[in-house]
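Please open the structure in the viewer and prepare to select residues by number. The tour concerns charged side chains and how they pair.

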Amino acid sequence: MGTRANVKIVDENETVWIYRHYDGYPSAVLPDLKGFVEELKENNIVNAEEASSYLLANDNYENTDQQHGDIEFLYTVNVKDRSVSSVSMFIDLDMDDELPL
């Protein structure tokens with residue numbers, strides 16, 4: 001069974017939902033999100049929809065239209081301030097704070 005996760009990409013006007021079915025643990029997802037945020041900075045992307053295309057280029061992620069009900073982790077990427085936060089949906093890992101990238 002996979003460790004499922006959602007990545008929520010937000011800007012001032014919209015939210016884009018991304019789903020990862022397998023290996024949604026921070027040890028696998030955070031390196032991807034670090035590279036993702038670096039791409040946002042390098043290309044000066046401030047739009048959630050445009051930003052999502054960079055993450056969706058990775059085969060581990062797929063587009064979805066909402067938060068899945070069976071996820072173990074939720075990651076939020078704020079496009080404007082280039083921050084990532086994470087919440088464990090099943091155990092308290094003290095990950096509710098912004099994560100340094």
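A residue counts as buried when its relative accessible area is under 20%, as exposed when over 50%, and as partly exposed in between. The model shown is predicted, and it holds four salt bridges. Side chains of opposite charge can pair when their charged atoms come close.

**First stop: arginine 4.** Select arginine 4, which is buried because its relative accessible area is 7%. Next, add aspartate 70, which forms a salt bridge with arginine 4; the closest N and O atoms are 3.0 Å apart. Aspartate 70 belongs to the loop between β3 (62-64) and β4 (73-78), while arginine 4 belongs to the segment before β1 (5-10), so this pair ties together parts that are 66 residues apart in sequence. With a relative accessibility of 37%, aspartate 70 is partly exposed.

**Second stop: glutamate 72.** Keep arginine 4 selected and add glutamate 72, whose side chain meets that of arginine 4 in a salt bridge (3.2 Å, N to O). Here the segment before β1 is linked to the loop between β3 and β4, with the two residues 68 residues apart. Glutamate 72 is buried, at 15% relative accessibility.

**Third stop: lysine 80.** Which residue forms a salt bridge with lysine 80? Select glutamate 12: the closest N and O atoms of this pair are 2.8 Å apart. Lysine 80 lies in the loop between β4 and β5 (83-88) and glutamate 12 in the loop between β1 and β2 (15-20), so parts 68 residues apart in sequence are tied together. Both residues, lysine 80 and glutamate 12, are exposed.

**Last stop: the network.** Finally, select Arg4, Asp70 and Glu72 together, which salt bridges with shared partners join into one network.

Notes
Residues numbered from 1 in each chain as written. Predicted model: local features only at pLDDT ≥ 70, side-chain atom pairs only at ≥ 80, totals over all residues. Heavy atoms only, no water. Helix = DSSP H or I, 4+ residues; strand = E, 2+ residues; numbered from the N terminus. Buried < 20%, exposed > 50% of the residue type's maximum accessible area, 1.4 Å probe, protein only.
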